[in-house]
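Q: Could you take a close look at the charged pairs here and walk me through where they sit? I'd like one connected tour, with whatever surroundings help to place them.

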Amino acid sequence: MMTITPVAAELQAQDVSVWFGERQVLKDVNLTFRANRVTALIGPSGCGKSTFIRTLNRMHELIPSAGLAGAILLDGKDIYDPSVNPVDVRMEIGMVFQKPNPFPTMSIQNNVLSGLKLSGLHSDNKEELLETSLKRASMWNEVKDRLDEPATSLSGGQQQRLCIARSLAMNPKVLLMDEPCSALDPGSTRRIEATIEELSESMTIVIVTHNMQQAQRVSHETAFFLADDNVPGGVVEFGSTEQVFGQPIDPRTNDYVNGHFG
Amino acid sequence: MSRGDRLFFGITSSAAYFAFILVGLILVFLIAQAWPAIQEQGFAFVYGDKWEVTEEKTILQIGPMLYGSILIALLGVLIATPMAIATAYMIVFILKGGWAKLATNLIDLLAALPSVIIGLWGVLVFTPIAQGWAEFLHQYLGWIPLFATDKGTTSLNSSPFIAGWIVAVMIVPIITSVTREIFSQFDRELVNGALALGATRWTVFRRVILPTTSGGITGGVLLGLGRAIGETVAIYYVLQLSMNINLFQILEPRGGAIASWILSRFGEATDKEFHGLMAAGLVIFITTLIINLIANVIVNKAQPWRK
């Protein structure tokens, strides 16, 4: 039976470099995402943070010209090992995107359970899985009486939380979030941030954000990415969120978090 | 409005009305020409199965031809739809830049081939090949009524089966281009969302792309169906026209197609027969009109989330 017994995992990036065709966009990224922690990836546009988060569940492979060097270890096992199927990786490492993308032809309920059908998994107790997933995304009370309505009838913020619930139904060890609030209003943003805090008790979370206040509110650790003309993106500074924002070591980090550029 | 705008508005609106007026005039012409036959033959014209023109009497009925047109069109759609969807999927989601363009151009070129060419190819090249397929189907699946024949396995040509394939070749381009258009507007974020949940290419297609686009694809299929029903010359070459109705034995060398029937009789038609052929034309016209209306309803109803 597929009950929710979440096990957070440690995720480690070792010397990760990425190319799109001839152009290198990331160079030697080394980061450790600790279990039950929220790590924020910040940096100006084009610094490679969105590309990097996609390497963590092999979504960057959808871009035909993309190439990667280095390793990503999930609890010590390389997700790029030739014996590993990317489909299995994505079931263990879920992802929430910038724009809410619920499946428009499916009901609220079927959206939450869509991962089962898409991946061919079975669940003996779908009702329980549905309820638990929606509760973990803190939206059960809002939708429990309208589970058969189309997902598109929900507001933008609700749609995004539905997408979170959809990922949670796969019981992933890690949840990747690529600017999950950038399309949402402040109220919805606050609710999603509260959800992130609750979820971090049971899983590892990596979040890309443009919003530095958000990074400070939700994350335990922060990595600052930077790229320049002709210089591929990389990590300038990585440490506890308090330290990165309070006492940055690198002057570039200091300039960025204090709003001097970006 | 300025003078230039008025002129522009005048030209565009008269172009729009022109189509309306033309369709209306054709309908009026057909009804006028068909009227004597309709009056004389009554409603049996549509469903009866006798076409006799002698000195004493004239019986004009097109039941088997109307039925045959629909049967062949359905066979064509059944064969063409999976091919078209697969082709469109390849072009939009798999092939890269230059190859996608090449495939698109080749398919469009297929649409530009005159149907007489396809008919000649059909009878000279394709029929001997498809005859082999028909014999295979009859031999191994002959116990299914659809693949049964009255005369055994020999010379299974000139059948609705072969005509269906020929029609399929002719409507694959139109279904492909409609489907390609719909696929290319498909929100890639939905594909990403599904893949991030552990979907494979197949489950993304089956569970996300197809349900979301089925309304539009159905529209393309019905457009193809409309074309298939009116198909004339190509079918004329590959099908044995027969007033002895062939309900479902699609491998049998007899079948019907209204448009081809008109073509085959027109040259030596008597005066009365001429009006009968015009009435047959009216029947195709109305059938195609009904299919297009159904297409509109389905396309609108199939996408309730699109408002």
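A: Let's start inside one helix: Glu131(A) and Lys135(A) both belong to helix 5 of chain A, residues 126-136, and sit four residues apart, about one turn of the helix. Keep in mind that this is a predicted model. The two side chains form a salt bridge, and their closest N and O atoms are 2.6 Å apart. Glu131(A) has a relative accessibility of 29%, so it counts as partly exposed. Lys135(A) lands in that class too, because its value is 44%. In general, side chains of opposite charge can pair when their charged atoms come close. Over all chains, the structure holds 17 salt bridges.

Next up is a pair that reaches across chain A. Arg191(A) makes a salt bridge with Glu142(A), with 3.1 Å between the closest N and O atoms. This one links distant parts of the chain: Arg191(A) is in helix 8 (residues 186-199) of chain A and Glu142(A) is in helix 6 (residues 140-143) of chain A, 49 residues apart. Arg191(A) is partly exposed at 37% relative accessibility, and Glu142(A) is partly exposed at 25%.

Chain B has a longer-range example to look at. Glu40(B) and Lys272(B) form a salt bridge whose closest N and O atoms are 3.9 Å apart. Helix 1 (residues 3-41) of chain B carries Glu40(B) and helix 11 (residues 271-301) of chain B carries Lys272(B), so the pair ties together parts that are 232 residues apart in sequence. As for exposure, Glu40(B) has a relative accessible area of 44% and is partly exposed; Lys272(B), also with 44%, is partly exposed as well. Salt bridges don't have to come as isolated pairs, either: Arg34(A), Arg37(A) and Glu221(A) are joined into one network by salt bridges that share partners.

Now for the place where the chains meet. How many salt bridges are there between chain B and chain A? The count is one. That bridge is between Lys99(A) and Asp187(B), and the closest N and O atoms are 3.4 Å apart. Polar contacts between chain B and chain A come to three residue pairs, with both residues at pLDDT 80 or more. On the chain B side that touches chain A, helix 7 (188-195) and helix 8 (201-230) of chain B each supply at least two residues. Sorted by class, that side has 10 nonpolar, six polar and four charged residues.

To put the charged pair in context, 20 residues of chain B are in contact with 27 residues of chain A. The size of an interface is often given as the accessible area lost when the parts come together. Here the area buried between chain B and chain A is about 1,900 Å², and carbon and sulfur atoms give 69% of that. In chain B, the residues that lose the most area to chain A are Ala196(B), Leu197(B) and Arg207(B), together 34% of what that side buries.

For contrast, here are two buried spots away from the charge pairing. Ile85(B) is in helix 3 (residues 63-94) of chain B, and counts as buried because its relative accessible area is 14%. Leaving aside neighbours within four places in sequence, Ile85(B) is in contact with Thr179(B), Phe183(B), Phe205(B) and Ile217(B). Ile85(B) and Val178(B) are 93 residues apart in sequence, with 9.6 Å between their C-alpha atoms.

The other spot is Ser107(A), in the loop between strand 6 (93-96) and helix 3 (108-112) of chain A. Ser107(A) is buried, with a relative accessible area of 10%. A polar atom of the Ser107(A) side chain lies 3.1 Å from the backbone nitrogen of Asn110(A). Not counting residues up to four places away in sequence, Ser107(A) touches Leu147(A), Asp148(A), Glu149(A), Pro150(A) and Ala151(A).

One last backbone detail from chain A: Asp15(A) is not a glycine, yet has a positive phi of about 50°. Asp15(A) lies in strand 1 (residues 11-20) of chain A and is partly exposed at 43% relative accessibility.

Conventions
Residues are numbered from 1 along each chain as its sequence is written. Chains are lettered from A and ligands numbered from 1 in the order in which they are written. This is a predicted model: local features need pLDDT of at least 70, side-chain atom pairs count only at pLDDT 80 or more; totals for chains, interfaces and linings use all residues. Side-chain values use heavy atoms; hydrogens and water are left out. Buried means under 20% relative accessible area, exposed over 50%, partly exposed in between (1.4 Å probe, protein chains only). Contact means heavy atoms within 4.5 Å. Buried area is the accessible area (1.4 Å probe) that two parts lose on being put together, summed over both. A salt bridge is a side-chain nitrogen of Lys or Arg within 4 Å of a carboxyl oxygen of Asp or Glu. A polar contact is a pair of N or O atoms within 3.5 Å; within protein, one must be able to donate a hydrogen and the other to accept it, and residues adjacent in sequence count only if both atoms are side-chain atoms. Ala, Val, Leu, Ile, Met, Phe, Trp, Tyr, Cys and Pro count as nonpolar, Asp, Glu, Lys and Arg as charged, and the others, Gly among them, as polar.
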